[in-house]
Amino acid sequence: MHIHLADHYRSGASWLHRLDPRAKMVMVVVFITGVGLAPVGAWPALTCFLAMLILAVVSAGLGWTYTLRRSFVALPFVLAALSLPFTVPGEPVFTVPILGWTASLPGTIRFASVVLRTWLAIQAAILLAATTSFPDILWALSALRVPAPLVAIVGFMYRYLFLAGDEALHMMRARTARSASSTGGGSPSIVWQGRVTGNMVGSLFLRSIERSERVYDAMVSRGYDGEIRSLIPFHFHRLDAVALAGAIVLTAALLVWSFGM
């Protein structure tokens, strides 16, 4: 396999790595909930949330730019809110040349708040994945009484994405080996490339279904019954309770402060 299953996990000995997966899962949910409930334009509170996240990243030994760099992948998803500056009524701020669209101050503030809150939530999820292995995340979800079918779907989706990616790499290498450049060094036509790509997608779909059936049969033959099990005996210690209580209290305090602004 050319794609590592633990690609996002960074092993370490920090206090954040040693926390119980259940505590980390609840802390991330509390953080994301707090960020989502923060009122529009509560910049001081959102800045404090960002500072909390950077402090956690640094204390985990990942470097303060670790989640910052990786969270930019979420920015394309905020395009759904791109119309807010031009649809929310209010004091005009600027006008887009040629198009003549006028952005309002309340709409711009709301759009910036959506972008920042989405970015913070993605950073928290990245931090969780970087300090907790994926099997431990699945175990935490199961231990927190998340429905077993949902946990199984998440686990299979994650693992089969890597299997599908590996199959795609094999097919692309085979296509490259069978597609010598034409005379004169020119590249194949766009029509030819589109036809080959379409055939590859269909073939990848069929091969993925066949491989998933073989993988599932192998899992059942080894005793899989739908329950997520962990070989590591996790226990809720004092550090877990203190960290979880601290995250809840600090998030609640920031929320109260943001609504009082």
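**View 1. Strand β1 and Phe 94 in the predicted model.** Strand β1 covers residues 92-95, and Phe 94 lies in it. The model shown here, and in every view below, is predicted. Phe 94 has a relative accessibility of 39%, so this residue counts as partly exposed. The cut-offs behind that label are under 20% for buried and over 50% for exposed. Phe 94 also belongs to a nonpolar surface patch. Its partners there are Val 93 and Leu 105. The patch amounts to about 250 Å².

**View 2. Helix α7 and its cover.** Helix α7 runs through residues 134-143. Is this helix mostly covered or mostly uncovered? Mostly covered: of its ten residues, seven are buried. The buried set comprises Phe 134, Asp 136, Ile 137, Leu 138, Trp 139, Ala 140 and Leu 141. Three helices are included in what covers these buried residues. They are α2 (21-37), α6 (105-131) and α8 (148-177).

**View 3. Arg 145, just after α7.** The backbone at Arg 145 has a positive phi. The angle is about 70 degrees. Arg 145 comes just after helix α7.

**View 4. Ser 113 in helix α6.** Ser 113 is placed in helix α6, one of the helices covering the buried residues of α7. The relative accessible area of Ser 113 is 0%, so Ser 113 is buried. What does the side chain of Ser 113 reach? It reaches the backbone nitrogen of Gly 41, at 2.9 Å. Set aside sequence neighbours within four places, and Ser 113 is in contact with Val 40, Gly 41 and Trp 43.

**View 5. The whole protein chain, as context for the close-ups.** Ten helices and two strands make up the elements of the protein chain. Read from the N terminus, their order is α-α-α-α-α-β-β-α-α-α-α-α. The radius of gyration is 24 Å, well over the 18 Å that the globule rule gives for 261 residues, so the protein chain is more spread out than a compact globule. The C-alpha trace spans about 65 × 65 × 35 Å along its principal axes. Of the 261 residues, 32% are buried. Take the contacts between residues at least 6 apart in sequence: 74% of them join residues at least 24 apart. The accessible surface of the protein chain is about 15,800 Å². Carbon and sulfur atoms hold 69% of that surface.

Methods. Residues numbered from 1 in each chain as written. Predicted model: local features only at pLDDT ≥ 70, side-chain atom pairs only at ≥ 80, totals over all residues. Heavy atoms only, no water. Patch = residues over 30% accessible without salt bridge, like charges linked within 9 Å, V, L, I, M, F, W, Y side chains within 5 Å. Areas by Shrake-Rupley, 256 points an atom, 1.4 Å probe, with all protein chains shown as cover. Salt bridge = Lys/Arg side-chain N within 4 Å of Asp/Glu carboxyl O. Helix = DSSP H or I, 4+ residues; strand = E, 2+ residues; numbered from the N terminus. Buried < 20%, exposed > 50% of the residue type's maximum accessible area, 1.4 Å probe, protein only. Contact = heavy atoms within 4.5 Å. Polar contact = N/O pair within 3.5 Å; in protein donor to acceptor, adjacent residues only side chain to side chain. Rg over C-alpha atoms; globule rule 2.2 N^0.38 Å.
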